[in-house]
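Biologist: I am new to this one, and I would like to get to know it with you. Could you show it to me first?

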Amino acid sequence: MKSMLGNDSNSAQNGLIVDLRTMQRASGGLDTIVRQFLRHLADLRHRHGPALKVVGYSSSALPRVPDSVSVLFDHIQSRPHFDFSGGTLVVFQSVPMLSALARTSHGRRLKIALVVDPRCMMPPVAKHTTQPDYLLAPDAPGNASGADLASIYFGAQIIRMGHATPWLPPVSTKPSFIEAICLDQWQRNDEPYIVLAPELDDRAVFALAIARDEVLRTTGAKVRLLALRPSHLPPRLPVNAMAMARSALQFADVIEVPALSEAAAASLLRHAAAVMVDPTIPFADYDVADIAAMGGRPFVLDSTMFHVEPTALRAADNSLVALMRQIAQHQPIEAASTPPVVLGDTIPLGQDTPLAGDGTAVRRRIAIVSPYPMPGDYGIPIYTRDTCEAWKANADIDLVTRKPIMNSDRRSLHAVISPEDSIDPFTYDEIVHVLNNHPDSIPALQSLKRFGGAVILHDAQILDLLHHVLGRKGLITYFSTVMGRPISIHEFENWLVKKKDLPSSFLDYIMDSTTTLIVHSKLAQQMLQDQYGARCVYVPVAIQHEIPASALTETARMAAKQRCGINPDRIALGTFGIVHPIKGDMHYPFILRDLLDRGLDIDFYYVGQVDEDRRAEIVSVATQAQVTEHIHFASDISEEKYMDYIAAMDIGVQTRNITGGQVSGALLDCMAGCLPTVASAGLVNSIDAPASLVRTIDDVSSPLLIMHEIADFIPHARTIARPNPIWQSFVEDRSFAKYVMRLEDALFS
């Protein structure tokens, strides 16, 4: 019979993964339920030894994991790709991207163990598409209500956590500077103090205050009362220890202590004359075992001590008065005995659980952080709009975007949220961040660093975007960090201009926060997997501008030529998309000159956005080449007119003088219009363009070579039927309906 921890030959590939982000966010001490789990984990490690492999998952965007936590793990990683064939993922309350975190790099599904707070009467999370298999609950009185309710809600098995091992922070961890100042005020040697546990009944605190005042009245000796603030409340650490708020608990001279780090709490409890606890209260922030382990003196308050009349509390023989007198005289008290050991259940480890579900359709809720189009926009915003429109059929899409949304577009969306608004990542099955090099991607980058999630990467690198975010100095520092050596200004300037010279994709900035990286190029997928070992999924890019077959007949094309003002007696050669130096836009006037000199009656069209300065430079070059009457620009045009130009062209040309898997939406537009096109090899491979529709050239080709390929391709291009069956098959495979199906497979399969 196999052990639950896996003693077979594959045991090294099974383990326990713990999401540590809850602990990283705990600026003022760990919640009691988290601490009880850590004690349970420490006990499991002691009982099972090396047979139990434990890995922590942390976020690089949050404070580092405390040393007192990290010692319990074999290692802690910031990338959510676990090298296990099976295992169990432990999460606290609700976590973002639960479905994504539950996948392993072996394509298996981890079991999910949700740590529940039995004090909570409501289910701990909204029902996710990926349900927890186990519920971890403390084994203590009164835990039936919340844990059992969650068990019924999720249909999951309850695993009881024991408390065999006290949770101890290491001695090396120090309180913060502000905490040290406060501790110095609270631990004055001339006055002993008592720490009141956060969960103490008001009547108990009231009784202790009366007993303290009675001792002060009769003996003149002072005992200070310090009430710990419950860890689940927000910390309120005073900026100045002298400005501490008193009477916070409605009792005179009872000092309210804010939530503290583990080290500061240990110091406070260790130096206290006594720590008052009530063992009948389940899930106390600090129980008898914790206090004793920290070197403190736990004292159990019996309800009979304070369930009496105030006059009886002031009696000289009252047990609390006697205790307070003993403390005031600096006499040690007898500490409460540590409760018996309670061994918890072993957490089962999933064994090679397949990801395939039962085939039940699930409607997911997804947040997409992306720019969205306004009138006149193009590129990525339009692509995101079309993605949302296709995805709405089987998912609720919340769009996080800075620009206002037109009412006509809201029908595709479940909600529209501004990046400045606070979003709850716990409510989504995945947060998808759309990134390219445009500054409009900055909110998506910021959201990724804050929440983590999936990335749809539309560019092979994001150096221009990082330049906007980090600035010149910051980007140089980042380059130096990635390369492990100082980067010169000359190298920096060269890389920004000549992306083909980049020694790396420099995506380290986002990889720690990325659950699934989606790219639209097989070459990019291979490069990034080789470089980062990341979960990088290739999803073929969808056709953004769908052109019906009826628009590609000879009659329809002639009508499109007329609408675009294209001379039907000349060969129409065009390049599509943003006019940019990286596309070799300055070469085309000279290429056109050579084609005209070969006797071809041809016009050239730049169809896409071009700024005025760049247009003036191209016109200047065209003037030198004496081809100005054959050069035309179609900028700031509608989508309908853009598609008219694709249909009207006789041949296309799309080049780019860099390699690296850069996807060309413009080449995809050419394929959508069944337009025979001469294109760079990297662009052809990036979209798997049909071989019958393209003439492939080297990525870095001279204008002379491009001219020869165009001239040689023109006779063949005229024989290609538009439309044709190969084109039909390609456009059906590249529809947005197929695209979102592939996205869901990448994110959730």
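Modeller: Here it is, and your questions can take us through it piece by piece.

Biologist: Thanks! What kind of model is this, predicted or experimental, and how many helices and strands does the chain hold?

Modeller: This is a predicted model, so please read every value here as computed from it. The chain has 749 residues, and 54% of them count as buried. Among contacts with a separation of 6 or more, 70% link residues 24 or more positions apart. The secondary structure comes to 26 helices and 25 strands.

Biologist: Let us start with strand S1. Is S1 largely enclosed or left open, and how many of its residues are buried?

Modeller: Take the two faces of S1 in turn: Asn-14, Leu-16 and Val-18 lie on one side, Gly-15, Ile-17 and Asp-19 on the other, and all are buried. That fits a general pattern, since side chains in a regular strand alternate between the two faces of the sheet. S1 spans residues 14-19 and is largely enclosed by the rest of the structure, because its buried residues number six of the six.

Biologist: Which residues stand opposite Val-18 and Ile-17 in the partner strands?

Modeller: S1 pairs in the parallel sense with strand S4 (residues 86-92) over five bridges. With strand S2 (residues 54-57), S1 also runs parallel, joined by four bridges. Opposite Val-18 in S4 is Val-90, and the bridge partner of Ile-17 in S2 is Val-55.

Biologist: What about strand S10: which residue there is the bridge partner of Leu-225?

Modeller: S10 (residues 254-257) is covered on both faces, with Val-254 and Glu-256 buried on one side and Ile-255 and Val-257 buried on the other. Strand S9 (residues 224-228) runs parallel to S10, and four bridges join the two. The partner of Leu-225 in S10 is Val-254.

Biologist: Now to helix H11. Where do its buried residues lie around the axis?

Modeller: The buried residues of H11 (residues 319-328) are Leu-320, Val-321, Leu-323, Met-324, Ile-327 and Ala-328. Looking down the axis of H11, they fall within an arc of 160 degrees, so they line one face of the helix.

Biologist: And which residue just after H11 takes a positive phi?

Modeller: Look at the position where the helix has just ended. The phi there is about 60 degrees, and the residue is His-330.

Biologist: Which strands stand at the edges of the open sheet of seven strands?

Modeller: The order in this sheet is S15-S14-S13-S16-S17-S18-S19, and the pairing is parallel. A strand with a single partner has one side left without a neighbour in the sheet, so the edges here are strand S15 (415-417) and strand S19 (536-538).

Biologist: Which helix packs on that sheet?

Modeller: This helix touches strand S13 (364-369), strand S16 (430-435), strand S17 (453-457) and strand S18 (514-519). Its direction makes about 145 degrees with that of S16. The helix is H13, residues 442-451.

Biologist: There is also an open sheet of six strands. Which strands are at its edges?

Modeller: This sheet has the order S22-S21-S20-S23-S24-S25, with parallel pairing. Each edge strand has a single partner, so one side is left without a neighbour; these are strand S22 (631-634) and strand S25 (694-697).

Biologist: Which residues touch the most other members of the largest nonpolar core, and which helix gives the largest share of it?

Modeller: In soluble globular proteins, nonpolar side chains tend to be buried together. Here the largest core has 65 residues, and those touching the most other members are Ile-368, Trp-391, Phe-576, Tyr-645, Met-671 and Tyr-739. The largest share, seven residues, comes from helix H26 (residues 736-748).

Biologist: Last one: is His-520 buried or exposed, and which side chain joins it in a polar contact of 2.9 Å?

Modeller: His-520 sits in the loop between S18 and helix H17 (522-532). Its relative accessible area is 2%, so His-520 is buried. Beyond its neighbours in sequence up to four places away, His-520 touches residues including Tyr-383, His-458, Tyr-538 and Ser-686. The side chain that makes the 2.9 Å polar contact with that of His-520 belongs to Tyr-739.

Definitions and conventions: Residues numbered from 1 in each chain as written. Predicted model: local features only at pLDDT ≥ 70, side-chain atom pairs only at ≥ 80, totals over all residues. Heavy atoms only, no water. Pairing = 2+ DSSP bridges. Contact = heavy atoms within 4.5 Å. Axes fitted to C-alpha atoms, helices over the stretch in contact; angles between N-to-C directions. Buried < 20%, exposed > 50% of the residue type's maximum accessible area, 1.4 Å probe, protein only. Core = buried A, V, L, I, M, F, W, Y, C linked by side-chain atoms within 4.5 Å. Polar contact = N/O pair within 3.5 Å; in protein donor to acceptor, adjacent residues only side chain to side chain. Arc of directions from axis to C-beta.
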